[in-house]
Amino acid sequence: MRADAVTPKGQATVQAATRTTVQTAILGVRHHGPGSARAVRAELERLKPDVVLIEGPPEADALVALAADPGMEPPVALLAHAQGKAAFWPFAVFSPEWQAITYALRAGIEVRFCDLPAAHSLAMEIEAETANAGRDPIGELAEAAGYDDPERWWEDVVEHQAPRRPATGHEAPEHEVSEHEASEHEAGGRGVGGHGVGSGVLQVVAEAMAAVRVGYVPDGTEARREAHMRKTLRTAMKDGFETIAVVCGAWHVPALTTLPPAAEDERLLRGMPKVKADMTWVPWTHGRLSARSGYGAGITSPGWYDHLFAAPDRPIERWLTSAAAVLREEGLPVSSAHVIESVRLAEGLAALRGRPLAGLSEVTEAARAVLCEGDDLPVELIQRRMVVGERLGHVPDSTPMVPLQRHLREEQRRLRLKPEALSREHDLDLRKPLDLDRSRLLHRLGLIGVPWGARRETRGKGTFKESWTLEWRPEFDVALIEAAHWGITVDAAATGRAREWAAGPDVSLADLTSLVERCLLAGLSEALPDVLQAIKDRAALDSQVTHLMAALPALVRAQRYGDVRGTGGLGAITGSLLARICAGLAPALTGLDDDSAREMVALIDGVHIAAGLLEGDLWLATLTGVPGRTGVPGLIEGRVVRILFDADIVDDVATRMARSMSLGNPPARAASWMEGFLSGGGLLLVHDSRLLATVDDWLTGLSPDAFVDVLPLLRRTFGAFPPPERRMIGDRVRSGTAAAAPEVDDYDDEQAAAAVHTVLEILGLEDSGRA
């Protein structure tokens, strides 16, 4: 490397006047291709360039040195964001661009990015990962070679080639461009004779791409991107670099080997929209490199490609050995003999198919046949763990971050919650300070739009337990950047978000009470006064009983959590809401259609559960006035009767059911009444033969037309019962025990006295005098 390669631009330009030639090499690669990565690394070691130009946003020039930090662990991505828009440029360890960056940094060579600036691409809403104007050059080359699978062709031609050794110096030299040629070209467009395109597989790929692009004229974004690449190349020449290496997608090589007049490119780049864009590094995952994730330049098997790059010697043996280890971890018996036979099978399949090395399809078939013994489920495990491979990268602490990102990183360390790409389950005991802080952090992140943790059903009972599934995704960094305006710490940002939400003009009362619950779960005591005041103001103006009913359950749950989380003071609000609900319930139940009645039943169930957590009998007393009220739909009346029966407030259920199913009521109303009553479960019909007999008599007494009319309601009612309940009901009907039990007017107390005495002794109640 020349001593002036990293000097200021003006100084380098002056010294360039004494040079006579400029040597350039345009190295066309496949993004995230391990074969391309090895070829690029070998070519750079042979060329020893003064500067390396890489396809990517020039705003990242100031960040490229971080790639040499020991704390930088691929996969990572460059993130550009501006005005709510974001774009990513991912790198894996097997990405050719990453290998070029790390080589240059270790050799002390300057690195520059040459693609269209993010300031323009974000302004034009360009996806940074977009491939090449919708064309599939790899597919076209594969088809020309007789392959029906582009991935397979690329593996055979590039990825499965033996690693290249450093050149010995006998290869054909790259094209040398004299200063005179460059200056004439700059002024008038005289051809420089074409730049070098590397050697070996890189040269073959470049020639193939040139053939594919014959007759192709880029336009729009594609033309601007390639114009900016050429502009950056010209700038490097003017800055005095003697040996320039350009690492870009193979598709762009033909556009860079022969430079048109600079004025043509300047016209293309003139007048583009522009925004102020910020740039940083963020962690990435192998899963996000996958084409299945929507990434335009993605690959189908990032884990497999990572393996090919990391284990160029004996890759098949090593891969199947690792697959066996994965299966053993799941308790599957896989021996060394299995591995040996699977390797033989994979190699045999490759030989039969004329492939230079067994590819992913061969090793997958061998694993299915031998390691998994034909079972597809273990193959899916290998696919998830190894073929895609959920590896999460890491960026060093010196990476530019908004304060909110940095605070979250500190909290993750303090609470020993490591972000991982693979989902991991956590069971928290809120009586422990560490677990309580973990819970609050996850709830706060959810409030600001970073759902790192997802709640799942808790094993066991009690309000002091929470169960979470944690899975970190790269886009969370974008969400953190967007949430930074609410606060510089997670708790401050969550508090700001809650206050903003509560002050919103369109927020509903139910949303506000749900927000109270979320604030309590997140421990946001500073936000609670604002949210509670918003609830009071909104409730005072909201006369819709249904709105109040929808709002109450969340508020009561929040009050229930008070003892565990050290919060409270919600009793007055919940009591006021319940009183207003009870006062307006009866009028709200009349005149409802079927859909509205079904929604009201759900609201009644919610309020009933909530009222059960509060003191007082106001709610149940209100419900006693509902049955028999004119205009109440049968579905609602049946449900209310069941609630009152379960609460031991009514004991004449058989009479009420018989009345609702009498000939004076339409069959549809009778069926909906029964649906509402039985929505609490069907075991009641198993244990009460009179109720079962009432239902049986009503059903058998329906006319054929009426039975057809109510059949959908009946199927929905009985279909909701668990299979064991349906089976027991059927057994009771089949055995004839659905017949009504005989009415017994009087009981013989003398005959029952001995049995009662025995039961009281067993219960220990005889001495207390209780009868």
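**Exercise 1.** Does Pro 315 count as buried or exposed, and what is its relative accessibility?

*Solution.* The model considered here is a predicted one. The first step is to place the residue, and Pro 315 is found in helix 14, which covers residues 315-329. The second step is to compare its accessibility with the cut-off, under which a residue is buried when its relative accessible area is under 20%. Pro 315 has a relative accessibility of 8%, and therefore counts as buried. The third step is to look at its surroundings: with neighbours within four places in sequence left aside, Pro 315 is in contact with His 307, Leu 308 and Leu 357. Trp 304, which lies 11 residues from Pro 315 in sequence, is 9.8 Å from it in space when the distance is taken from C-alpha to C-alpha.

**Exercise 2.** Describe the chain as a whole, in terms of its secondary structure, its burial and its contacts.

*Solution.* Begin with the elements, of which the chain has 36 helices and 11 strands. Next, take the burial: of the 771 residues in the chain, 50% are buried. The accessible surface comes to about 36,000 Å², and carbon and sulfur atoms account for 52% of that surface. Finally, consider the contacts with a separation of 6 or more, 75% of which are between residues 24 or more positions apart.

**Exercise 3.** Work out how helix 19 and helix 22 are oriented to each other, and which residues make their contact.

*Solution.* Helix 19 spans residues 433-447 and helix 22 spans residues 509-522; they pack at an angle of about 140°, and their axes are 7 Å apart. An angle counts as roughly antiparallel over 145 degrees, and as oblique if it falls in none of the named ranges. Helix 19 and helix 22 are therefore oblique to each other. On the side of helix 19 the contact is made by Ser 439, Arg 440, His 443, Arg 444, Gly 446 and Leu 447, while helix 22 contributes Leu 515, Arg 518, Leu 521 and Ala 522. Sorted by character, the residues of this contact are four nonpolar, three polar and three charged.

**Exercise 4.** Which strands form the sheet with the order 4-3-8, and which of them are at its edges?

*Solution.* This open sheet consists of three strands with antiparallel pairing. Strand 4 (85-91) and strand 8 (278-283) are the edge strands, each of which pairs on one side only. Neighbouring strands are turned against each other by 25° on average, with direction ignored. Strand 3 (residues 76-82) pairs with strand 4 over seven bridges in the antiparallel sense, and Val 76 stands opposite Phe 91 of strand 4. Helix 20 (residues 475-483) packs on the sheet and touches strand 3, strand 4 and strand 8, with a direction that makes about 30° with that of strand 3.

**Exercise 5.** Contrast the pairing of strand 1 with strand 7 and that of strand 9 with strand 11.

*Solution.* Strands of a sheet pair through backbone hydrogen bonds, in either a parallel or an antiparallel sense. Strand 1 pairs with strand 7 (residues 243-249) in the parallel sense over seven bridges, and the bridge partner of Gln 23 in strand 7 is Thr 243. Eight of the nine residues of strand 1 (residues 21-29) are buried, so strand 1 is largely enclosed by the rest of the structure. Strand 9 and strand 11 (residues 465-470), by contrast, pair in the antiparallel sense over six bridges, with Thr 469 of strand 11 as the bridge partner of Glu 425.

Key
Residues are numbered from 1 along each chain as its sequence is written. This is a predicted model: local features need pLDDT of at least 70, side-chain atom pairs count only at pLDDT 80 or more; totals for chains, interfaces and linings use all residues. Side-chain values use heavy atoms; hydrogens and water are left out. Helices (H or I, at least four residues) and strands (E, at least two) are DSSP runs, numbered from the N terminus. Buried means under 20% relative accessible area, exposed over 50%, partly exposed in between (1.4 Å probe, protein chains only). Contact means heavy atoms within 4.5 Å. Accessible areas come from the Shrake-Rupley method with a 1.4 Å probe; for residues, only the protein chains shown count as cover. Axes are lines fitted to C-alpha atoms, for helices over the stretch in contact, and angles run from 0 to 180 degrees between N-to-C directions. Angles under 35 degrees count as roughly parallel, over 145 as roughly antiparallel, 65 to 115 as roughly perpendicular and the rest as oblique. Ala, Val, Leu, Ile, Met, Phe, Trp, Tyr, Cys and Pro count as nonpolar, Asp, Glu, Lys and Arg as charged, and the others, Gly among them, as polar. Two strands pair if DSSP finds at least two bridges between them.
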